[in-house]
Amino acid sequence: MLVDNGQRFVAFFDLLGFSSWLEADGSLKVFTYVRGFLNLMIRASLPGSIVHPDMSVTINSDSIACINFSDSIVFYTRDDSIECLETILNVSGEFMNVVITGPSRMIRGAIAHGEFFADPTANAYVGRALIDAYKLEERQDWLSCSIGNSVAQLPFFELLKKKYPNFIVKALVPLKDSTEYPFCINWADPNTFRNMSFSAERGLAECEQRATKTIQDNQCELNKLARRVKNTRDFLRYYNGS
């Protein structure tokens, strides 16, 4: 989707532990996953998408588009209307849900609002909103999709908070090196994802098992993993029950 004027919403996602995964399984195996399964989940998360028996996907939405490169995934909207914000919030929540509870890979993201320009034909993507989303994603110490202040300060954000009281919620732990508790997406909210067929806690446990295998000789990374999983599990139980 070409966007060369105005402001919009951008969601940036990162697959955690990617380098360790590469070292453990090899580039070809990871490439096969990214090219196949991850690409399918990205496209299938878009509104109105139809997944065909041959695993091809027909995308019917013109309000949101996506990019993925290596371990980074970006969604961006056509404009900054309330409809586009609602769309990117739901797409981000569904994407996190299917990645964590399906193939059980650890993922983290953030959403920002601001200038962003995209020309897929030239493979050119530039904008402050992308940088802000990237920086916010890095400051989380759990599997979350935080909502930047540039989004939370918009007047109509309050309307969506009232519409989705258990989907748009406050984080339980602050951002790294901060006392700020951002708004975030409850990607396992049973009211929002009524057709969710996987257990979020089971998916999280499998994420931990997969990640542990790739860093079993690195105590520092194991401690980081244990902290992230605990914070995520506490969040799931607080907002969704055990």
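How do the axes of helix 7 (residues 200–214) and helix 8 (residues 219–240) cross, and within what distance do they come? The legends below describe close-up views of a predicted model, and the view of these two helices comes first.

**View A. Helix 7 and helix 8 in contact.** The axes of helix 7 and helix 8 come within 11 Å and cross at roughly 175°. Helix 7 is therefore roughly antiparallel to helix 8. On the side of helix 7, the contact is made by Ala-200, Glu-201, Leu-204, Ala-205, Glu-208, Ala-211 and Thr-212. Helix 8 contributes Leu-222, Leu-225, Val-229, Thr-232, Arg-233, Leu-236 and Arg-237. Sorted by class, the residues of this contact are eight nonpolar, two polar and four charged.

**View B. Helix 2 and helix 3 in contact.** Two packed helices are described by the angle between their axes and the distance between the axes. For helix 2 (residues 27–44) and helix 3 (residues 82–101), the axes come within 9 Å and cross at roughly 150°. An angle over 145 degrees counts as roughly antiparallel, and helix 2 and helix 3 are therefore roughly antiparallel to each other. Their crossing is right-handed. Leu-38, Met-41, Ile-42 and Ala-44 of helix 2 meet Glu-94, Phe-95, Val-98 and Val-99 of helix 3. Seven of the contact residues are nonpolar, none is polar and one is charged.

**View C. Met-41 and its surroundings in helix 2.** Met-41 is one of the helix 2 residues that make the contact with helix 3. With a relative accessibility of 7%, Met-41 counts as buried. Beyond its neighbours within four places in sequence, Met-41 is in contact with Tyr-33, Phe-95, Val-98, Val-99 and Pro-103. Among these partners, Phe-95, Val-98 and Val-99 also belong to the helix 3 side of the contact between the two helices. Tyr-181 lies 140 residues from Met-41 along the chain, and the C-alpha atoms of the two are separated by 29 Å.

**View D. Ser-92 in helix 3.** Is Ser-92 buried or exposed? Ser-92 counts as buried, at 0% relative accessibility. When residues up to four places away in sequence are not counted, Ser-92 touches Ala-11, Phe-13, Ile-111, Cys-145 and Ile-185.

**View E. Ile-64 in strand 4.** Ile-64 is buried, with a relative accessible area of 3%. Leaving aside neighbours within four places in sequence, the contacts of Ile-64 include Met-1, Leu-46 and Pro-47. Phe-75, Tyr-76 and Thr-77 are also in contact with Ile-64, as are Thr-87, Ile-88 and Val-91. Ile-64 and Val-10 are 54 residues apart in sequence, and their C-alpha atoms are 9.5 Å apart in space.

**View F. Leu-154 in the loop between helix 5 (149–152) and helix 6 (157–163).** Leu-154 is buried, with a relative accessible area of 16%. Apart from its neighbours within four places in sequence, Leu-154 is in contact with Phe-9 and His-113. From Leu-154 to Gly-26 the separation is 128 residues in sequence and 44 Å in space, C-alpha to C-alpha.

**View G. Ser-70 and Asn-123, two loop residues with positive phi.** Most residues other than glycine have a negative phi, and most peptide bonds are trans. Ser-70 has a positive phi, near 55°. Ser-70 lies in the loop between strand 4 (64–69) and strand 5 (72–77). At 33% relative accessibility, Ser-70 counts as partly exposed. Asn-123 also has a positive phi, near 55°. The loop that holds Asn-123 is between strand 7 (117–119) and strand 8 (124–126). Asn-123 is exposed, with a relative accessible area of 60%.

**View H. Cysteines in a structure with zero disulfides.** A disulfide is a covalent bond between the sulfur atoms of two cysteines. The pair must lie within 2.5 Å to count as a disulfide. Why does Cys-66 not form a bond with Cys-84? The sulfur of Cys-84 is the closest cysteine sulfur to that of Cys-66, but at 14 Å it is too far for a bond. Cys-66 is partly exposed, with a relative accessible area of 26%. Cys-220 counts as exposed, at 55% relative accessibility.

Notes. Residues are numbered from 1 along each chain as its sequence is written. This is a predicted model: local features need pLDDT of at least 70, side-chain atom pairs count only at pLDDT 80 or more; totals for chains, interfaces and linings use all residues. Side-chain values use heavy atoms; hydrogens and water are left out. Axes are lines fitted to C-alpha atoms, for helices over the stretch in contact, and angles run from 0 to 180 degrees between N-to-C directions. Helices (H or I, at least four residues) and strands (E, at least two) are DSSP runs, numbered from the N terminus. Angles under 35 degrees count as roughly parallel, over 145 as roughly antiparallel, 65 to 115 as roughly perpendicular and the rest as oblique. A crossing is left-handed if the near helix is turned anticlockwise from the far one by less than a right angle, and right-handed if clockwise. Contact means heavy atoms within 4.5 Å. Ala, Val, Leu, Ile, Met, Phe, Trp, Tyr, Cys and Pro count as nonpolar, Asp, Glu, Lys and Arg as charged, and the others, Gly among them, as polar. Buried means under 20% relative accessible area, exposed over 50%, partly exposed in between (1.4 Å probe, protein chains only).
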